[in-house]
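Here is a short briefing on how some helices pack against each other. Look at the sequence and structure first.

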Amino acid sequence: MKINIRTFLKSSGLLTGLLLTSKSSLLKALTLENGNFKVIKGNIGIFTERGGTIGWFVNDDSVITIDSQFPETAKNFVEHLKSKTNRKIDYLFNTHHHGDHTSGNKFLSSYANEIVANENCVRLQKIRINSEDSFPASKTFSDEMEINLGKEKIKAYHFGKAHTGGDAVYHFVNHNVVHFGDLVFNGLYPFVNLEDEADFEGWIKYLETCYNKFDSETTFIFGHSTDPNKLTGDRENLIVMRDYLSSLLDFVKKNKSEGKTKKEITSVSEIPNTPKRIEAWEGALKINIEQAYDYLNR
């Protein structure tokens with residue numbers, strides 16, 4: 001399904017400041033609605049319905065949830081979770097502030113002992129998300145944090161501005177699984193909005209840092225893909241994402257240096273020397289180019 005550019009601008013927050021709400025046409029184009037609750041490795045699994053991919057971890061010692069989608073889908077998630085455990089959620093982690101990853105926080109707070117996020121995620125959530133949908137984390141961290149979970153350990157990292165100003169990745173150390181949030185849009189043109197402190201060069205550096213930090217055996221959970229089988233992957237997906245962002249910036253720089261206008265640059269149908277990506281909503285590539293152009297002008 002595709003939506004037109006006017007609907008995208010209205011619903012995405014580029015004009016209104018309200019990002020990816022549960023009724024957003026952009027959200028419907030970006031996400032899967034298959035209610036999928038499945039194990040991906042050991043005691044770790046994912047849930048997809050509407051919004052960014054929820055990650056979950058369940059064992060005898062603890063229950064962890066990463067991201068929360070929306071109140072109605074968070075409710076469905078809890079019903080699935082009850083088939084695995086009667087325990088409360090020990091920690092609910094947020095990967096970043098966008099509403100399709102945090103609007104279920106309020107509902108899940110009744111089941112979770114603590115909500116955790118990077119401090120910039122909370123700051124952006126308070127100023128960028130509609131107040132009725134905002135339920136910020138009660139515990140924050142700056143650069144990194146470690147929590148022992150009995151038989152498992154989780155390490156949280158923030159490596160600077162990237163997709164937003166408050167992106168965090170969460171590593172289940174013993175299972176070697178990382179929830180990567182929206183730092184990789186697997187196979188899609190990514191959602192980029194400079195008003196959320198998106199930083200193209202920071203994003204590229206973030207991906208390279210994570211590629212070097214984790215190993216070839218690491219399983220990554222991604223926030224979005226049009227293919228449910230591509231919501232997980234390996235660190236080579238990070239390089240593919242990095243190369244797209246690098247090629248996008250190089251393409252816009254080159255065309256700007258040749259004196260082309262923004263309108264002329266955005267008229268292309270693809271970025272040269274990059275694998276084909278899916279334009280999940282009409283104008284997705286155009287907006288990527290426009291945001292890159294504005295970023296280079298700052």
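Is the crossing of α8 and α10 left-handed or right-handed? The crossing of α8 and α10 is right-handed (clockwise turn of the near helix from the far one, by less than a right angle; anticlockwise is left-handed). This is a predicted model: local features need pLDDT of at least 70, side-chain atom pairs count only at pLDDT 80 or more, and totals for chains, interfaces and linings use all residues. Residues are numbered from 1 along each chain as its sequence is written, and side-chain values use heavy atoms, without hydrogens and water.

**α8 and α10**
- The axes of α8 and helix α10 (residues 284–297) come within 10 Å and cross at roughly 65 degrees (lines fitted to C-alpha atoms over the stretch in contact; angles run from 0 to 180 degrees between N-to-C directions).
- That angle makes α8 roughly perpendicular to α10 (65 to 115 degrees).
- On the α8 side, the residues that meet α10 include Tyr 244, Phe 251 and Lys 256.
- Their partners in α10 include Leu 285, Ile 289 and Tyr 293 (contact means heavy atoms within 4.5 Å).

**α7 and α8**
- Helix α7 (residues 200–213) and helix α8 (residues 236–257) have axes that come within 9 Å and cross at roughly 155 degrees.
- That makes α7 roughly antiparallel to α8 (over 145 degrees).
- The crossing of α7 and α8 is left-handed.
- Among the contact residues are Trp 203 and Leu 207 of α7, and Met 241 and Arg 242 of α8.

How values were computed:
Helix = DSSP H or I, 4+ residues; strand = E, 2+ residues; numbered from the N terminus. Parallel < 35°, antiparallel > 145°, perpendicular 65-115°, else oblique.
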